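Here is a friendly walk through one model, written for someone who likes to check each statement against the coordinates. Please have your viewer open as you read.

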Amino acid sequence: MHIQINTDENIEGSEELAAHITANLKTRLDRYSEHITSLEVHLSDENAAKSGAHDKRCLIEARIEGLQPEAVSNESDTLEGAWSGAAKKMQHALDTTLGKRNHVKGGETIRVGDL
């Protein structure tokens with residue numbers, strides 16, 4: 001799984017930041033790694049030098065084998081909050097998307113008891 005980190009002109013994209021985000025994404029999305037060909041992370045500061053509520057934004061796009069790309073975004077007061085929240089959203093999106101893909105029609109149900 002290839003991970004690419006992109007920043008806008010208002011965010012300094014350091015090696016340390018990229019390593020931190022990459023490690024977090026690999027940990028959080030490891031169970032889907034055989035299905036994901038690449039992840040693109042886009043970090044932006046919507047208000048540039050001015051501070052404000054929820055002005056940091058992270059968009060994550062996952063390219064999945066045999067399916068359309070999946071994209072999520074999250075806004076926060078901090079960069080870490082933005083990418084961490086987006087990573088959680090991506091995990092939930094992949095649970096849904098790949099869960100549907102792997103569901104076998106006619107498989108066992110979780111329901112028990114008489115109807």
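## Strands and a helix

In this predicted model, Ile 5 sits opposite Val 41 of strand 2. That pair belongs to the contact between strand 1 (residues 2-7) and strand 2, which pair in the parallel sense over six bridges. Between these two strands the chain passes through helix 1, and the resulting β-α-β crossover is left-handed.

Strand 2 also has a partner in strand 3 (residues 56-64): nine bridges join them, and they run antiparallel. Here Glu 40 stands opposite Glu 61 in strand 3. The two pairings of strand 2 can be set out like this:

| Pair | Sense | Bridges | Opposite residues |
|---|---|---|---|
| Strand 1 and strand 2 | parallel | six bridges | Ile 5 and Val 41 |
| Strand 2 and strand 3 | antiparallel | nine bridges | Glu 40 and Glu 61 |

How covered is strand 2 (residues 36-45)? Mostly: seven of its ten residues are buried.

Now to the helix. Helix 1 covers residues 15-29, 15 residues in total, and spans 21 Å from its first C-alpha to its last, close to the 21 Å expected at 1.5 Å a residue. Which residues of helix 1 are buried? They are Leu 17, Ile 21, Thr 22, Leu 25 and Leu 29. Viewed down the axis of helix 1, these buried residues fall within an arc of 125°, so they line one face of the helix. An α-helix has 3.6 residues a turn, so residues three or four places apart point the same way. On the face of helix 1 turned away from the buried side, you will find the exposed residues Glu 15, Glu 16 and Thr 27.

Notes. Residues are numbered from 1 along each chain as its sequence is written. This is a predicted model: local features need pLDDT of at least 70, side-chain atom pairs count only at pLDDT 80 or more; totals for chains, interfaces and linings use all residues. Side-chain values use heavy atoms; hydrogens and water are left out. Helices (H or I, at least four residues) and strands (E, at least two) are DSSP runs, numbered from the N terminus. The expected span of a helix is 1.5 Å times one less than its number of residues. Buried means under 20% relative accessible area, exposed over 50%, partly exposed in between (1.4 Å probe, protein chains only). The arc is that of the directions from the helix axis to the C-beta atoms. Two strands pair if DSSP finds at least two bridges between them. A crossover is right-handed if, with the strands pointing away from the viewer, the path from the first strand over the helix to the second runs clockwise.
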